[in-house]
Amino acid sequence: MKCPNCNNENVNIQVINEQKLVTRHHGIIWWLFIGWWWIFVKWIFFTVPALLAAIFIGKRKKIVNVQKKIYVCQSCGRTWE
Ligand SMILES: [Zn+2]
């Protein structure tokens, strides 16, 4: 592996674990028009069965682990994936 910046071959490879939360964000308009009743409907149809499922089956993991390789050039300090 060569550095794309200075062509130095003295490059370190670092493996890092990145944690991504799989949640979506909605805008204020969404909350005003859809959010208040959608949450209510969702709560009845999803949360209640989900809670029951969580009690009987166990908690589902919501954090996804993504393994990334990061290359670090020992000469110029450039990092890339
Ligand atoms: Zn470099």
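A residue counts as buried here when its relative accessible area is under 20%, as exposed when that area is over 50%, and as partly exposed in between. With that cut-off in hand, let's walk through this predicted model.

Start with tyrosine 71. Its relative accessibility is 15%, so tyrosine 71 falls on the buried side of the cut-off. Tryptophan 80 lands there too, because its relative accessible area is 14%. These two residues belong together for another reason: the structure holds one aromatic pair, and tyrosine 71 and tryptophan 80 form it, stacked, with 5.7 Å from centre to centre and 25° between the planes.

Here is how the residues with an accessibility value line up.

| Residue | Relative accessibility | Class |
|---|---|---|
| Cysteine 3 | 1% | buried |
| Tryptophan 80 | 14% | buried |
| Tyrosine 71 | 15% | buried |
| Cysteine 6 | 34% | partly exposed |
| Asparagine 7 | 54% | exposed |

The aromatic pair also shows up in the largest nonpolar core, which has five residues in all: Cys3, Val11, Tyr71, Cys73 and Trp80. Tryptophan 80 has plenty to touch. Leaving aside neighbours within four places in sequence, its contacts are Met1, Lys2, Cys3, Pro4, Val11, Lys69, Ile70, Tyr71 and Cys73.

Two names in that core, Cys3 and Cys73, bring us to the metal. Which protein atoms are the donors of the zinc ion? They are the SG atoms of Cys3, Cys6, Cys73 and Cys76, lying 2.2 to 2.3 Å from the zinc ion. The angles among the four donor atoms run from 103 to 114°, and the site is tetrahedral. For reference, the ideal angle for four tetrahedral donors is 109.5 degrees. Along the sequence, the donor residues follow the spacing C-x2-C-x66-C-x2-C.

Are cysteine 3 and cysteine 6 buried or partly exposed? Cysteine 3 is buried at 1% relative accessibility, whereas cysteine 6 is partly exposed at 34%.

Just along the chain sits asparagine 7, in the segment before β1 (11-21). Its phi is near 65°, a positive value in a residue other than glycine. Asparagine 7 counts as exposed because its relative accessibility of 54% is over 50%.

Finally, the overall layout. The domain assignment gives domain 1 as 1-23 + 62-81 and domain 2 as 25-61. Taken over C-alpha atoms, the centres of domain 1 and domain 2 are separated by 36 Å.

Terms used. Residues are numbered from 1 along each chain as its sequence is written. This is a predicted model: local features need pLDDT of at least 70, side-chain atom pairs count only at pLDDT 80 or more; totals for chains, interfaces and linings use all residues. Side-chain values use heavy atoms; hydrogens and water are left out. Rings of Phe, Tyr and Trp (its six-membered ring) pair if their centres lie within 6.5 Å; planes under 30 degrees apart count as stacked, over 60 as edge-to-face and the rest as tilted. Buried means under 20% relative accessible area, exposed over 50%, partly exposed in between (1.4 Å probe, protein chains only). Donors are N, O and S atoms within 2.8 Å of the metal (3.2 Å for Na, K and Ca); water is not among the atoms, so sites may look incomplete. Four donors count as tetrahedral if all angles lie between 85 and 135 degrees; four count as square planar and six as octahedral if opposite donors are over 155 degrees apart and all others between 65 and 115; anything else is irregular. A nonpolar core is a set of buried Ala, Val, Leu, Ile, Met, Phe, Trp, Tyr and Cys residues joined through side-chain atoms within 4.5 Å. Contact means heavy atoms within 4.5 Å. Domain bounds come from an automatic or database domain assignment. Helices (H or I, at least four residues) and strands (E, at least two) are DSSP runs, numbered from the N terminus.
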